[in-house]
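Here are a few exercises to work through with the model open in your viewer. Try each task before you read its solution.

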Amino acid sequence: MSEPEPRCPRCGTPYGEGQEYCLQCGERLPRRGGLITRLGTAWRRRLGWYPGDWIWPALGALVIAGVAGAASAIWLADRSDASSKTVVQTSSVSSVPTTQSIPEPPTTSTPTTTAQPPPPPPPPPPPPNRPLAWPAGRSGWTIVLDSLPASTGRAEAYSEARRAIRGGLEKVGVLVSSQYSSLHPGYLVVFTGVYSNEVAAQSAILNAHQHGYGSAYARRITP
């Protein structure tokens, strides 16, 4: 009995030996004598049509997936049974009565208060008989006791300021007139008092007169 003529598994068109693709539908042709060829021929004879060679790998994958799913279900069932037995055994062991321990009385802790550091001490007063400097950047009024040339009268200006301090005047100091826009430059000014307005300065002039500075006068100091 002669071997049947091979045909395309998709459209049934006969093909010759060594032909790779069907001339009718372009399907890749199976090699003659292979398992897939025999299965495709048997399919076509039984059902009259053939979907193609891809059907066999797909069916194989479905079979493998089914077997793997069944094996997983069996393994999970066995694991669940083992877990149930472990829970039962643990429960039976934990039901053994234990001796009750007597709790210790709570200890009361005495709250501690954080000691606040003492405030810093006030700055020390200036040494006695030492003239002050005019407050930096401050505008105000003062009583001018004397004015001396800055080029030659430095020692005399500070001596005059110390005499005023010893005489009882307060807040006596020496300033350089060139550093203030409200004064004529080139002088060392001996002053007493720092006042916020002219009225307060005028009221203090009498005190300077009583201490021997009859020519004292009020003057505004502007940086």
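Contact here means heavy atoms within 4.5 Å. This is a predicted model, where local features need pLDDT of at least 70 and side-chain atom pairs count only at pLDDT 80 or more, while totals for chains, interfaces and linings use all residues. Residues are numbered from 1 along each chain as its sequence is written, and side-chain values use heavy atoms, with hydrogens and water left out.

**Exercise 1. Get the overall picture.**
Work out which pattern of helices and strands the protein chain follows along the sequence.

Solution.
- Start with the elements, taken as DSSP runs numbered from the N terminus: helices are H or I with at least four residues, strands are E with at least two. The protein chain has four helices and four strands.
- Reading along the sequence gives α-α-β-α-β-β-α-β.
- Next, the contacts: among those between residues at least 6 apart in sequence, 56% join residues at least 24 apart.
- Last, burial, where buried means under 20% relative accessible area, exposed over 50% and partly exposed in between (1.4 Å probe, protein chains only). Of the 223 residues of the protein chain, 24% count as buried.

**Exercise 2. Put the sheet together.**
Find the order of the four strands in the open sheet.

Solution.
- Two strands pair if DSSP finds at least two bridges between them. Strands of a sheet pair through backbone hydrogen bonds, either parallel or antiparallel.
- β1 and β3 run antiparallel and are joined by seven bridges; S147, for instance, stands opposite V189 in β3.
- β3 (residues 187-195) also pairs with β2, again in the antiparallel sense, over five bridges. On this side V172 stands opposite T192, and L175 has V189 as its bridge partner.
- The order comes out as β2-β3-β1-β4, with antiparallel pairing.
- β2 (172-176) and β4 (217-221) are the edge strands, as each pairs on one side only.
- Now for burial: β3 is largely enclosed by the rest of the structure, because seven of its nine residues are buried.

**Exercise 3. Add the helices and the cores.**
Which strands do helices α3 and α4 meet, and which residues have the most contacts inside the largest nonpolar core?

Solution.
- Angles run from 0 to 180 degrees between N-to-C directions, with axes being lines fitted to C-alpha atoms, for helices over the stretch in contact.
- Helix α3 (residues 154-166) packs on the sheet and touches β1 (140-149), β2 and β3; its direction makes about 160 degrees with that of β2.
- Helix α4 (residues 198-210) lies across β1, β3 and β4, at about 50 degrees to β1.
- A nonpolar core is a set of buried Ala, Val, Leu, Ile, Met, Phe, Trp, Tyr and Cys residues joined through side-chain atoms within 4.5 Å. The largest one has 19 residues, and I143, L145 and V190 have the most contacts inside it.
- β1, α3, β2, β3 and α4 each supply at least two residues of this core.
- Apart from it lies another core, of nine residues, including V144, L183, V194 and I221.
- Zoom in on V190: not counting residues up to four places away in sequence, its contacts include I143, L145, A157, A161 and V174.

**Exercise 4. Check the cysteines.**
How many disulfides does the count come to?

Solution.
- A disulfide is a pair of cysteine sulfur atoms within 2.5 Å.
- Take C8: its closest cysteine sulfur, in C25, is 3.6 Å away, so that pair is too far apart for a bond.
- C11 is in no disulfide either, with the nearest cysteine sulfur, that of C22, 3.5 Å away.
- The count is therefore zero by this rule.
- For surroundings, C8 is buried at 0% relative accessibility, whereas C11 is partly exposed at 36%.

**Exercise 5. Look at two single residues.**
Is Y15 buried or exposed, and what is the phi of K171?

Solution.
- Y15 sits in the segment before α1 (35-47). Its relative accessibility is 7%, so Y15 counts as buried.
- Y15 and L29 are 14 residues apart in sequence, with 8.5 Å between their C-alpha atoms.
- K171 belongs to the loop between α3 and β2. Its phi is near 55 degrees, a positive value in a residue other than glycine.
- Most residues other than glycine have a negative phi.
- K171 is exposed, with a relative accessible area of 52%.
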